[in-house]
Protein chains: 2
Amino acid sequence: MLGQDQFSKSSSSYLCGMKLKNDLLLRAARGEQVERTPVWMMRQAGRILAEYRAVRAQAGSFIKLATNPELAAEVTLQPVDLLGVDAAIIFSDILVVPEAMGLPYEMEENRGPVFPNIVQTHRDIEKLRVADAQTDLAYVLDAIKIVKRDLNGRVPLIGFAGAPFTIFCYMTEGRGSKTFSVAKKALYTDPVFSHKLLQKITDSTIGYLKAQVVAGADLLQLFDSWAGVLSPQQYREFSLPYIKQICDSISEVPLTVFAKGAFFARHDIGALNCAVVGLDWNMDARESRVLIPNKTLQGNLDPCVLYADYAQIRTEVKNMTHAFGTQRYIANLGHGVYPDTNPDKVRCFIEAVKEFSAV
Amino acid sequence: MLGQDQFSKSSSSYLCGMKLKNDLLLRAARGEQVERTPVWMMRQAGRILAEYRAVRAQAGSFIKLATNPELAAEVTLQPVDLLGVDAAIIFSDILVVPEAMGLPYEMEENRGPVFPNIVQTHRDIEKLRVADAQTDLAYVLDAIKIVKRDLNGRVPLIGFAGAPFTIFCYMTEGRGSKTFSVAKKALYTDPVFSHKLLQKITDSTIGYLKAQVVAGADLLQLFDSWAGVLSPQQYREFSLPYIKQICDSISEVPLTVFAKGAFFARHDIGALNCAVVGLDWNMDARESRVLIPNKTLQGNLDPCVLYADYAQIRTEVKNMTHAFGTQRYIANLGHGVYPDTNPDKVRCFIEAVKEFSAV
């Protein structure tokens, strides 16, 4: 007879009342013993797969695909079936949050996202709303429910959002940038404005992440994609406090914080109330273990390794799994997989992790 | 009576037979005592100054300006007269080296440099020549000579070149990129090709830097602008060995190595045969002192600080000079000054360094 504690959060793989057949990701995130390292890839549901490109063409545009729950669910499931990853991650975009706050974006071919309007004044902030996930982001929640039904417990599903500072970058700069100097100018010239907007993004993000858990997400990841443009001092003032609020608000499922480029903040991020810390490929595995004790680490193969031949990919994966060790570790790339990567090389990476990490 | 040793390299401010009136930069670089911290700015000769924009308009294009010795000299001198910096840096571009090797580039408005042809095969490398600075880069050397004459010993003149890996990035990728995945693909798929091209760039660069010294450069800086796209392991294999060759070849004047984003390589760079290590604004001053003992450090104010008000700029400069200390330190930004910076804010930065660093 199963005791109640078998259904409790700490030991549970019975989320949403359904036992996961493969719960390696969740056990590794919680610091429990695993028989091998779980592996998945950022941007695994994407352009590397011909099957994705077919659905994307059918949808007509990236945004039409992301806002169609049936199609978004379909591409979310593809890498589970085709690549053998240990987790699905919902197909979506971090910019759905500003859109839900009242700031729509467009996706320009070969240029990335563009916001026709940007946030420049206190009045602009006041015109934005705190996103109501149930109404403004229902299409993502619906996609999560479809994925959970169709996964049928095979692997866990990861939900995600952008970290507030990264969302702030897009809302104030209006587009991608190497320096995000417009966004950073706001931090230096008007910290009151900046904190006010960051708080509104944070409030929207917490509600959205909680709604993803209710819809079925088994683990959540925060992407602070532009963390690396900030000085250590600015990061402590304008990014970490908002990530901390999110970490302290989410107790339902494990949370991963991935702050690309914020090598200087590893110790501080490791002290947050999160389960997993993501690393990019600039960050040394052993040094990161010292800076971030008692957390699970995720990462961090250079995506360009997947351009190499099969033998070299295996060697690099072997070195990586050896450096991180088999426990408290989730294998991944150090950034999203590049669109022109050969899916067979991706499969080689995934199989090599499974082979070399078996206890 | 002056002894010969007063003209020797180690104590000399008599380079090219002319005593420098302000040799703070050179003394700081050599680790000699200074009465205050020298200060200059990357991209100080550039679009921040209306006087630069006027000469640029007269020249007709960036490349026409850079290849016209009289005009290049004129814009090199402007920040010495207008901003009060403690050094001039020759107005040029790191991409003059690939051009001198036989791979011309164009400068597209709002897009940056573009190479119509890229290097993809061993045959492409063989078609390139090792640059002969005296013929292929005479226009830069002529500009240096004019600047030296017109400076008349007021401040030292800095010469520069791109580090071989950064030049390799442009020669193989053909343009700027956030990831330089094409360039990095070459490293992983064809290391023999990569090392062969890197060596040819290195040979060209050594000759070019030595020619700059003969023409009058008092200090040299190597810019490894794209260091941050590499993993620590790739950096050790494909960038550091070539920087080391250059450091070991230049004994005439002090050399600065600035590897943006290579926080992970600070210890290794500090062990090279260079006088100064440049830091970007992600790199903490005190931590960098520990990682790089016994070298002069240069940097590292976030260029976006210059968007703040005067009081805040002064506070940030005060914190920076306090963190680095007054000796073995050259004040600078952590990257090039942004083109839309108010020159009065730049002057505030420069004056604040002079005020707060006075011993």
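# Helix packing and the two-chain interface

Q: In this predicted model, are α8(B) and α11(B) roughly parallel or roughly perpendicular to each other?
A: Helix α8 (residues 138–151) of chain B and helix α11 (residues 191–215) of chain B pack at about 30 degrees, with axes 9 Å apart. Angles under 35 degrees fall in one class, and 65 to 115 in another. The angle is in the former, so α8(B) and α11(B) are roughly parallel.

Q: Is the crossing of α8(B) and α11(B) left-handed or right-handed?
A: The two helices touch through Leu141(B), Ile144(B) and Lys145(B) on α8(B), and through Ala211(B), Gln212(B) and Ala215(B) on α11(B). By class, these contact residues are four nonpolar, one polar and one charged. The sense of the crossing is right-handed.

Q: How are α9(A) and α10(A) oriented to each other?
A: Two packed helices are described by the angle between their axes and the distance between the axes. For helix α9 (residues 164–173) of chain A and α10(A), the angle is about 105 degrees and the axes are 8 Å apart. The class for 65 to 115 degrees applies. The two helices are therefore roughly perpendicular.

Q: Which residues of α10(A) make the contact with α9(A)?
A: The contact residues of this pair divide into five nonpolar, one polar and one charged. On the α9(A) side they are Phe168(A), Cys169(A), Thr172(A) and Glu173(A). On the α10(A) side they are Val182(A), Ala183(A) and Ala186(A).

Q: How many of the residues of helix α9 of chain B are buried?
A: A residue is buried if 20 or more other C-beta atoms lie within 10 Å of its own. Among those that pass are Phe165(B), Ile167(B), Phe168(B) and Glu173(B). The helix, residues 164–173, is mostly covered, and its buried count is ten of ten.

Q: Which residue follows α9(B), and what is the sign of its phi?
A: The helix spans residues 164–173 of chain B. Right after α9(B) comes Gly174(B), with phi near 90 degrees. The sign of that phi is positive.

Q: Which helix of chain A gives the most to the side that touches chain B?
A: 21 residues of chain A contact 21 residues of chain B. By class, the chain A side holds ten nonpolar, six polar and five charged residues. With five residues, the leading contributor is helix α10 (residues 181–189) of chain A.

Q: What kind of axis relates the two copies?
A: Chain A lies on chain B with an RMSD of 0.0 Å after a turn of 180 degrees and a shift of 0.0 Å along the axis. The copies are thus related as by a two-fold rotation axis.

Q: Which residue of chain A comes closest to the rotation axis?
A: The copies meet through the same surface, because 100% of the interface residues of chain A are also interface residues in chain B. The closest approach to the axis in chain A is 3.6 Å, at a C-alpha. That atom belongs to Lys178(A).

Q: Is Gln58(A) buried or exposed?
A: Gln58(A) sits in helix α2 (residues 50–59) of chain A. Arg30(A) is 28 residues away in sequence and 39 Å away in space, C-alpha to C-alpha. Gln58(A) has 12 other C-beta atoms within 10 Å, so its class is exposed.

Q: What C-alpha distance separates Arg154(A) and Val80(A)?
A: Arg154(A) lies in the loop between α8 (138–151) and β4 (157–162) of chain A. Its contacts beyond four places in sequence are Lys21(A), Asn22(A) and Val80(A). Arg154(A) counts as partly exposed, with 16 C-beta neighbours inside 10 Å. Arg154(A) and Val80(A) are 74 residues apart along the chain, and their C-alpha separation is 8.7 Å.

Key
Residues numbered from 1 in each chain as written. Chains lettered and ligands numbered in written order. Predicted model: local features only at pLDDT ≥ 70, side-chain atom pairs only at ≥ 80, totals over all residues. Axes fitted to C-alpha atoms, helices over the stretch in contact; angles between N-to-C directions. Helix = DSSP H or I, 4+ residues; strand = E, 2+ residues; numbered from the N terminus. Parallel < 35°, antiparallel > 145°, perpendicular 65-115°, else oblique. Left-handed = near helix turned anticlockwise from the far one by under 90°. Contact = placed C-beta atoms within 7 Å. Nonpolar A, V, L, I, M, F, W, Y, C, P; charged D, E, K, R; others polar. Least-squares fit on C-alpha atoms with pLDDT ≥ 70 in both.
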